[in-house]
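I opened this entry to record how the helices and strands of the chain are put together. I took confidence and the sheet to begin with, and then the helix contacts.

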Amino acid sequence: MSSKGAPPERMDDVDAVTEAVLTASRLLVAVSARSLAEVEERVTLPQFRMLVVLSSRGDTKLVTLAELLGVAPSTAMRMIDRLITAGLADRQTNPENRRETLLRLTSEGRRTVENVTARRREEIASIVQHLSPDQRTALISALTDFNSAGGERPAGLSGESPGPHPLGWGETAG
C-alpha cells in the first residue's frame, strides 16, 4: 500500500486488506461490466461465464458445465438454450457415446469471448499503466499470493486456457 493508503500500523490488519480488496473488486466489476456493454443485449454476465467455461474446456457435457458453474443442470440447460438461440453455442451428439450430448462454442461464441476479454484486458492495462514499475511488481506479487490463497489458477496472458475454473468461479481453498 502506498502512503496514501492505510496508516503503517494497519498495513497487516485483515480489515484494512479486506477493505482494499473490496474496493479493487468494485473497480474490476465495473471494468467487467463495461467490457460486456457491446454484447449486453445478447449476453448476460451468467451467460458470459458459461461461454468462458466452454471456451476454456471445449466440448462439455451439460452436467459437467452445471457443476463448473455451480448451478443446477436445469438452470444450465435454460442458459445454454438461450446461447444456442443467439448463435453463440451449439449442441452435438458425442461421437464416442451417442447417448450423450456435448456443448460447444460456435465461432461467433468464441469471437464474443475473445472480444470481451480483449476489451477487459485493454482497460486493465490502461489502469496498470498509471502505476510505477515498483508498484506493478508489488501488485503482481500481492495478487499472485491472493489468487493462490483463494485457489484460483493463473488466467494466462497469451490466450492459453486458464484451467477448469476460469474467472474465479471454481472451488475456493479451504
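Before looking up bridge partners I noted the rule for pairing, which is that two strands pair if DSSP finds at least two bridges between them. With that in hand I looked up A89, and its bridge partner in strand 3 is L105. I keep in mind throughout that this is a predicted model.

**Confidence.** I checked how far the prediction can be read, and the chain averages a pLDDT of 84, with 82% of the residues scoring at least 70. Residues 157–174 are a stretch I marked for caution, since pLDDT stays under 50 there, although the model has 33 contacts beyond four places in sequence for these residues.

**The sheet.** I asked myself in what order the strands of the open sheet lie. The three strands have the order 1-3-2, and their pairing is antiparallel. Strand 1 and strand 2 are the edge strands, each of them pairing on one side only.

I then went through the pairs in turn. Strand 1, residues 60–61, is joined to strand 3, residues 97–105, by two bridges, and these strands run antiparallel; within this pairing I found T60 opposite L103 of strand 3. Strand 2, residues 89–94, is joined to strand 3 by six bridges, again in antiparallel fashion. Next to the A89 pairing noted above I entered D90, whose bridge partner in strand 3 is R104. Strand 2 and strand 3 form a hairpin, and I noted two residues between them.

I also looked for a helix lying over the sheet, and wrote down helix 4, residues 73–85, which lies across strand 2 and strand 3 and runs at about 115° to strand 2.

**Helix 2 with helix 3.** How do the axes of helix 2 and helix 3 cross? Helix 2 covers residues 45–57 and helix 3 residues 62–69, and their axes come within 10 Å and cross at roughly 120°. Angles from 65 to 115 degrees count as roughly perpendicular, and helix 2 and helix 3 are therefore oblique to each other. I recorded the crossing of these helices as right-handed. On the helix 2 side the contact has R49, M50, V53, L54 and R57, which meet T64, L65, L68 and L69 of helix 3. Sorted by class, this contact of helix 2 with helix 3 has six nonpolar, one polar and two charged residues.

**Helix 2 with helix 4.** I turned next to the axes of helix 2 and helix 4, which come within 10 Å and cross at roughly 85°. Helix 2 and helix 4 are therefore roughly perpendicular to each other. The residues I listed for this contact are P46, Q47, M50, L51 and L54 from helix 2, with A76, M79, I80, R82 and L83 from helix 4. Their classes come to eight nonpolar, one polar and one charged.

**Helix 2 with helix 5.** Which residues of helix 2 meet helix 5? I first took the geometry: the axes of helix 2 and helix 5, residues 107–128, come within 10 Å and cross at roughly 105°, and that makes helix 2 roughly perpendicular to helix 5. From helix 2 I noted F48, L51, V52 and S55, which meet R110, T112, V113, V116, T117 and R120 of helix 5. By class, I entered five nonpolar, three polar and two charged residues for the contact of helix 2 with helix 5.

Technical notes:
Residues are numbered from 1 along each chain as its sequence is written. This is a predicted model: local features need pLDDT of at least 70, side-chain atom pairs count only at pLDDT 80 or more; totals for chains, interfaces and linings use all residues. Side-chain values use heavy atoms; hydrogens and water are left out. Axes are lines fitted to C-alpha atoms, for helices over the stretch in contact, and angles run from 0 to 180 degrees between N-to-C directions. Helices (H or I, at least four residues) and strands (E, at least two) are DSSP runs, numbered from the N terminus. Angles under 35 degrees count as roughly parallel, over 145 as roughly antiparallel, 65 to 115 as roughly perpendicular and the rest as oblique. A crossing is left-handed if the near helix is turned anticlockwise from the far one by less than a right angle, and right-handed if clockwise. Contact means heavy atoms within 4.5 Å. Ala, Val, Leu, Ile, Met, Phe, Trp, Tyr, Cys and Pro count as nonpolar, Asp, Glu, Lys and Arg as charged, and the others, Gly among them, as polar. pLDDT is the predictor's confidence in each residue, from 0 to 100.
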